[in-house]
Amino acid sequence: MPATLAFTAEELALVRFSVSPMWEVLTSFRVLKHPGLYPVHGPWFDQVRPRLVAAGLLTGRLAALFHAESYVPDFLNPVPTHSAPSLADELAALRATSEDQLAIDLDCYAAEIADGPRQPFVERLRTHREQALAELSGEIEQYFEIALAPYWSRIRTLLDADVYHRARQVAEHGAARLFNELHPDVSWNSGTLQMLHRQRVLCRDGTAPGLILVPSAFVWNKILTRAATGDVPQLCYGARGVGTVFARRAPETSDAVAAVLGRSRALLLAELEAPASTTELAARTGLSAGGISEHLTALRGAGMVSAHRAGRSVLYARTAVADSLLAAAI
């Protein structure tokens, strides 16, 4: 039997969307834990994994909470308070996790990994809650800066476009079309949302009314759910067009863009299809590191490039402004 989530007219009216950085943290970390399982994310995986290994972030505190195949503790996905919470907003909610909620989540987690190795950080969460949550929050910030921030402009564009598309579906065809096209495992029938192949059940028992739909660039071929007592249930699904976000493309320089920005800056924008440091850009372009730094400073001032700390180096990434400029010039 499929898992079901029934809706009254009032509950259907409370369905909303949210773009959640924490959902992207957890779904992307899941991709990193299963090399080769998600080929659509291969270019991103190849770029970020060496940096995360060097920073020790694949074997740290967050990794200690990923040993169960079908459950990640619910406190890692606090309920988004609006349509686009910041990572800082969600980490503040994570740090404010109550002792009771944390105990419930960790008990569920312990039951899932009963036969697995003991995780010292999980025990630390029980015995030193506030300090351990603060440590976890700091590590998640570091993970986001290395793994997601350089790509966030294009990820956010993808997620916003998905929400816009789904909202148009509701406006033009109603909620049934929205749910029926979310994922092959999801269907709407007579006021009930049905979900197939669920390892964990999404239900109304003790939860708040409504439903939060969360698009993700990393879920891809499945749906994930969260239903905690007292909270609005959440359903995370793969956003449309995720294959375009991380696809490898040969760098292209446009004569039109070069005529405006100069050939060196146009070349650097083309090379920043994937985030890179000045050292990496120098090796690929033959330009001097000093010259590259000067060009990147100018591009950053114009809003075409963003900078993100990754350990001892800084990664530069193309912004949506630059993406639009290059796309228009092709």
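# A walk from glutamate 181 to valine 40

Start by selecting glutamate 181, which is partly exposed at a relative accessible area of 41%. Before you turn the view, please keep in mind that this is a predicted model. Now add arginine 177 to the selection: its side chain and that of glutamate 181 meet in a salt bridge, 3.8 Å from N to O. Arginine 177 is partly exposed too, with a relative accessible area of 33%.

**Colour by confidence**

Switch the colouring to pLDDT. The chain has a mean of 86, and 93% of its residues reach 70 or more. Where is confidence lowest, and where is it highest? Look at strand S1, residues 3-6, for the lowest mean, 73. Then go to helix H4, residues 87-95, for the highest, 97.

**Other salt bridges**

How many salt bridges does a search of the whole structure find? The count is 13, and a few of them make good stops.

Select glutamate 280 and arginine 51. These two form a salt bridge whose closest N and O atoms are 2.9 Å apart. The pair links distant parts of the chain, with glutamate 280 in helix H12 (residues 278-285) and arginine 51 in helix H3 (residues 42-54), 229 residues apart. Show the surface here and compare the partners: glutamate 280 is partly exposed at 30% relative accessible area, whereas arginine 51 counts as buried at 18%. The cut-off for buried is under 20%, so arginine 51 falls in that class with its 18%.

Next, select aspartate 107 and arginine 126, whose side chains meet in a salt bridge at 3.0 Å, N to O. This pair also links distant parts of the chain: aspartate 107 belongs to helix H5 (residues 99-112) and arginine 126 to helix H6 (residues 120-127), 19 residues apart. Aspartate 107 is partly exposed, with a relative accessible area of 45%, and arginine 126 counts as partly exposed at 35%.

For a group rather than a pair, display Arg61, Arg124, Glu135 and Glu139 together; a network of salt bridges links them. Keep Glu139 in mind, since it returns below.

**Along H5 and under its cover**

Stay with H5 and show it as a cartoon. Its 14 residues should span 20 Å at 1.5 Å a residue, and the end C-alpha atoms are 20 Å apart, which agrees. Which residues of H5 are buried? Pick out Leu102, Asp105, Leu106 and Tyr109. Now look down the helix axis: these buried residues fall within an arc of 95°, so they line one face of H5. Rotate to the other side of H5 and you will find Asp100, Ile104 and Ala111 exposed.

What covers the buried residues of H5? The cover includes H6 and helix H7 (129-147). Select H7 next: it has 19 residues and reaches 26 Å from first to last C-alpha, close to the 27 Å expected at 1.5 Å a residue. Among the buried residues of H7 are Leu133, Leu136, Ile140, Tyr143 and Phe144. Glu139 is buried in H7 as well, and this is the Glu139 from the salt-bridge network.

**Two cysteines**

Colour cysteine 108 and cysteine 236. Cysteine 108 is partly exposed at a relative accessible area of 32%, whereas cysteine 236 counts as buried at 0%. How many disulfides does a search of the whole structure find? The result is zero.

**Arginine 30 and valine 40**

For the last part, select arginine 30 in helix H2. At 16% relative accessibility, arginine 30 counts as buried. Show what lies around its side: leaving out residues up to four places away in sequence, arginine 30 touches Tyr38, Phe66, Glu69, Val72 and Leu224.

Then move to valine 40, in the loop between helix H2 (21-33) and H3. Buried or exposed? Valine 40 is buried, with a relative accessible area of 17%. Not counting its neighbours within four places in sequence, valine 40 is in contact with Trp220, Val242, Gly243 and Phe246. To finish, draw a distance from the C-alpha of valine 40 to that of arginine 61: the two residues are 21 apart along the chain, and these atoms are separated by 27 Å. That brings you back to Arg61, one of the members of the salt-bridge network.

Methods. Residues numbered from 1 in each chain as written. Predicted model: local features only at pLDDT ≥ 70, side-chain atom pairs only at ≥ 80, totals over all residues. Heavy atoms only, no water. pLDDT = per-residue confidence, 0-100. Helix = DSSP H or I, 4+ residues; strand = E, 2+ residues; numbered from the N terminus. Salt bridge = Lys/Arg side-chain N within 4 Å of Asp/Glu carboxyl O. Buried < 20%, exposed > 50% of the residue type's maximum accessible area, 1.4 Å probe, protein only. Disulfide = S-S within 2.5 Å. Expected span 1.5 Å × (residues − 1). Arc of directions from axis to C-beta. Contact = heavy atoms within 4.5 Å.
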